[in-house]
Amino acid sequence: MKLQNLILTLCFAMAAVDACPTLYLSRSNISGVMSSSHGFPRVCGVEYCHNLNCNYELVPARNNSGRGVIVRFDYFNTESYHDFVRLEYINLQGQLVTGQFSGSVGSFRARLPAMQGTPVRMRWNTDSSVNSLGFLMRFHAVPAPPVRRYRLGGMLEVSENGVRGSVRVEKAKRK
Ligand SMILES: *[C@@H]1O[C@H](CO)[C@@H](O)[C@H](O)[C@H]1NC(C)=O
Ligand SMILES: *[C@@H]1O[C@H](CO)[C@@H](O)[C@H](O)[C@H]1NC(C)=O
């Protein structure tokens, strides 16, 4: 009886542990990697854990330049229709787009045209039956091009229709 209680308590303690795999982000927060099988502090062997309901923000709104987010699965193998990955983003027309993946897909890559200044999210859900190898996911948001800064002032050379000369571009004066 006592042993049974202990086992029951242990089971509840296990269930309470967050088994969601860790999403590793780069320092700039525009790229990262995640393996479905490695949750901290719980690891369910080489396969993923049961009963997961994990939510991630792959790219925060402020880090989305609007130039596309590339998501790549190096391998993908989950229980069809039961254990799935869902990618969610707002497209360039402002519509919410949801892509849901499950089954034995192998490897694939998707380029998400997510609107600038909106987040890209991922959900990872598993049920209590069959589990499998899962996936290795990598992503990166294409960064904004570097901002070109022009300095006011300088010479503009003109040589056209036999006219030669130079125009001086003055720095605008502050009032
Ligand atoms: C990156 O994201 C993490 C978690 O979302 C946050 O705590 C951290 O401040 C972010 N770093 C930068 C440079 O935005
Ligand atoms: C992401 O956003 C944080 C916070 O605004 C910023 O410090 C960081 O430089 C951004 N990363 C990129 C690559 O834009």
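This is a walk through the fold of one chain, from its strands to its core, its loops and a ligand site. The model is predicted.

Start with the overall makeup. The chain has one helix and 11 strands. The helix comes at the start of the pattern, and the strands follow it: α-β-β-β-β-β-β-β-β-β-β-β. The chain holds 175 residues, and 21% of them are buried. Now look at the contacts between residues with a separation of 6 or more. Of these, 67% join residues 24 or more positions apart.

Two open sheets can be traced. Strands of a sheet pair through backbone hydrogen bonds, either parallel or antiparallel. Take the sheet of five strands. Its order is β1-β2-β9-β4-β7, and the pairing is antiparallel. The edges belong to β1 (24-25) and β7 (108-112), and each of these pairs on one side only.

Move across this sheet strand by strand. Strand β2 covers residues 31-35 and strand β9 covers residues 134-141; five bridges hold them in antiparallel pairing. Within this pair, Gly32 sits opposite Phe139 of β9. On to the next pair: β9 and strand β4 (residues 69-77) are joined by eight bridges and run antiparallel. Here Phe73 has Met137 of β9 as its bridge partner. The step from β4 to β7 is also antiparallel, with five bridges. Phe73 takes part here too, with Phe108 of β7 as its bridge partner. Phe73 is therefore a good residue to find on screen: its bridge partners include Met137 in β9 and Phe108 in β7.Now turn to the sheet of four strands. The order is β3-β8-β5-β6, again with antiparallel pairing. Which strands stand at the edges? They are β3 (53-59) and β6 (96-101). Each has a single partner strand, so one side of each is left without a neighbour in the sheet. Neighbouring strands in this sheet are turned by 20° against each other on average, direction ignored. The edge strand β3 pairs with strand β8 (residues 120-125) in the antiparallel sense, over six bridges. One place to check this pairing is Cys54, which stands opposite Trp124 in β8.

Next comes the interior. The largest nonpolar core has 26 residues. Val69, Leu112 and Val120 touch the most other members. Which elements give two or more residues to this core? They are β3, β4, β5 (84-90), β8 and β9. Strands from both sheets are on that list: β3, β5 and β8 belong to the four-strand order, while β4 and β9 belong to the five-strand order.

Val120 shows how these parts meet. Neighbours within four places in sequence are set aside here. Val120 is then in contact with Leu58, Val59, Asn64, Val69, Tyr89, Leu112 and Ala114. Val69 and Leu112 are in that list, and both are also named with Val120 as touching the most other core members.

Gly68 gives another view of the same region. This residue lies in the loop between β3 and β4. Is Gly68 buried or partly exposed? Gly68 has 14 C-beta neighbours inside 10 Å, so it counts as partly exposed. Beyond four places in sequence, Gly68 touches Arg111, Leu112, Pro113 and Val142. Pro113 is 45 residues away in sequence, yet the two C-alpha atoms are 4.6 Å apart.

Two loop residues deserve a look at their backbone. Most residues other than glycine have a negative phi. Asn29 is not a glycine, but its phi is positive, at about 65°. Asn29 lies in the loop between β1 and β2. Asn29 has 14 other C-beta atoms within 10 Å, so it is partly exposed. Asn51 also has a positive phi, at about 55°, and is not a glycine. Its place is in the loop between β2 and β3. Asn51 is exposed, because 11 other C-beta atoms lie within 10 Å.

Asn29 leads to the last stop, ligand 2. Which residues are around ligand 2? They are Ser28, Asn29, Ile30, Arg62, Asn63 and Pro143. By class, this shell has two nonpolar, three polar and one charged residues. Asn29 thus joins two parts of the tour: a positive phi and a place in the shell of ligand 2.

Note on methods:
Residues are numbered from 1 along each chain as its sequence is written. Chains are lettered from A and ligands numbered from 1 in the order in which they are written. This is a predicted model: local features need pLDDT of at least 70, side-chain atom pairs count only at pLDDT 80 or more; totals for chains, interfaces and linings use all residues. A residue is buried if 20 or more other C-beta atoms lie within 10 Å of its own, exposed if 12 or fewer, and partly exposed in between; C-beta atoms are placed from the backbone. Two residues are in contact if their C-beta atoms, placed from the backbone, lie within 7 Å. A residue is near a molecule or strand if its C-beta atom, placed from the backbone, lies within 6 Å of it. Ala, Val, Leu, Ile, Met, Phe, Trp, Tyr, Cys and Pro count as nonpolar, Asp, Glu, Lys and Arg as charged, and the others, Gly among them, as polar. Two strands pair if DSSP finds at least two bridges between them. Axes are lines fitted to C-alpha atoms, for helices over the stretch in contact, and angles run from 0 to 180 degrees between N-to-C directions. A nonpolar core is a set of buried Ala, Val, Leu, Ile, Met, Phe, Trp, Tyr and Cys residues joined through C-beta atoms within 7 Å.
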